[in-house]
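This briefing goes through a few local features of one protein structure. Keep the sequence and the 3D view open while reading.

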Amino acid sequence: MPVFYDTHAHLDYPEFAAELPEVVERAAAAGITRVISIGTDFESSRRAIQLAEQFPNVLAAVGWHPSHVEEAPEDIRPGLRELASHPRVAAIGETGLDYHRLPGSKPGAEADANADTRYKARQAELFRQHLEVAAESNLNCVIHQRDCLEDLLQQFQPFARRTRGVFHCFAEDAWTMRRVLEMGSLVSFTGILTFKNGQNVRDTLAATPLDRLMLETDAPYLAPVPYRGKRCEPAYVKEISETAARVKGCSLEELSRATCATAEGFFRNLREG
Ligand SMILES: [Zn+2]
Ligand SMILES: [Zn+2]
């Protein structure tokens with residue numbers, strides 16, 4: 001059976017609390033032999049590390065999600081450094097920028113022309129702190145980006161020689177994909193690949209070199225067809241891989257070899273497990 005990795009799942013979320021051993025077991029049974037559990041704040045990152053200690057095929061990424069910047073400490077670097085030094089930590093993240101719900105656009109928001117500017121500046125500051133810790137820890141970064149592409153590329157560029165990013169849940173066009181790869185970074189694809197309205201993402205995947213991409217679920221979100229709308233779990237990388245192989249016109253074995261080798265080169269200690 002071809003083996004795949006789920007390079008982005010939120011196993012610490014409450015959706016999985018009742019049956020974690022079963023979720024990890026079902027993943028392994030489907031050939032998904034590694035799962036990176038992604039932290040979204042310090043608490044979530046600590047839980048991800050605990051899961052990585054508990055399950056040999058789980059590793060952790062530690063970071064603070066851009067949508068939660070308002071709850072973040074002024075300087076997250078000391079806490080992040082400490083988390084990143086744990087041997088079960090494979091990467092920094094998720095981090096990045098998210099302009100999808102700016103404070104100025106929230107219902108009932110006060111008319112404050114500067115609120116969005118301040119929020120964006122705060123996201124930029126937190127992103128930079130992640131990149132600094134990643135660079136000094138020799139770790140790569142799991143990057144979240146939504147409605148912010150130009151700002152993100154501009155802020156990442158100065159670090160592009162010191163850390164690599166994986167632009168997760170990638171849903172941009174082929175031109176943007178090439179700009180990401182030119183910086184030495186990677187892209188990863190979710191179950192959106194299987195959606196009826198996911199043709200633009202399939203087109204981008206078709207144009208992506210086989211050795212520059214990874215697969216992920218982003219569980220509990222984005223369950224692939226035929227589970228669309230239900231809770232997603234790492235086992236469903238199987239369905240994602242089947243669509244990805246068809247789009248790439250390669251065998252599952254080729255896709256397995258390429259994506260696993262890419263992930264092993266990106267995430268610390270992933271090969272060893
Ligand atoms: Zn994300
Ligand atoms: Zn995520």
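Glu 94 counts as buried because its relative accessible area is 2%, under the 20% cut-off. The model is predicted. The points below begin with the metal site that Glu 94 belongs to, then turn to aromatic rings and to charges over rings.

**Zinc site**
- Three residues coordinate the zinc ion (ligand 1) at 2.1 Å: Glu 94 through OE, His 144 through ND1 and His 168 through NE2.
- Along the sequence, these donors follow the spacing E-x49-H-x23-H.
- Glu 94 also bridges to the zinc ion (ligand 2), with 3.4 Å between the two ions.
- Glu 94 is in strand β4 (residues 89–98) and His 144 is in strand β5 (residues 141–146), so this pair ties together parts 50 residues apart in sequence.
- His 144 is buried too, at 13% relative accessibility.

**Aromatic pairs**
- The whole structure contains six aromatic pairs.
- One of them is Phe 156 with Phe 167: the ring centres are 6.2 Å apart and the planes meet at 85°, so the pair is edge-to-face.
- Phe 156 belongs to helix α5 (residues 149–156) and Phe 167 to strand β6 (residues 165–167), so the contact ties together parts eleven residues apart in sequence.
- Phe 156 is buried at 0% relative accessibility, and Phe 167 is buried with a relative accessible area of 0%.
- Phe 266 and Phe 267 also pair edge-to-face, at 4.9 Å between centres and 75° between planes.
- Phe 266 is buried at 2% and Phe 267 is buried at 3% relative accessible area.

**Charges over rings**
- Lys 120 sits over the face of Tyr 99, 4.5 Å from the ring centre.
- Arg 228 sits over the face of Phe 195, 3.6 Å from the ring centre.

Methods:
Residues are numbered from 1 along each chain as its sequence is written. Chains are lettered from A and ligands numbered from 1 in the order in which they are written. This is a predicted model: local features need pLDDT of at least 70, side-chain atom pairs count only at pLDDT 80 or more; totals for chains, interfaces and linings use all residues. Side-chain values use heavy atoms; hydrogens and water are left out. Donors are N, O and S atoms within 2.8 Å of the metal (3.2 Å for Na, K and Ca); water is not among the atoms, so sites may look incomplete. Helices (H or I, at least four residues) and strands (E, at least two) are DSSP runs, numbered from the N terminus. Buried means under 20% relative accessible area, exposed over 50%, partly exposed in between (1.4 Å probe, protein chains only). Rings of Phe, Tyr and Trp (its six-membered ring) pair if their centres lie within 6.5 Å; planes under 30 degrees apart count as stacked, over 60 as edge-to-face and the rest as tilted. A charge sits over a ring if NZ of Lys or CZ of Arg is within 6 Å of the ring centre and within 35 degrees of the ring normal.
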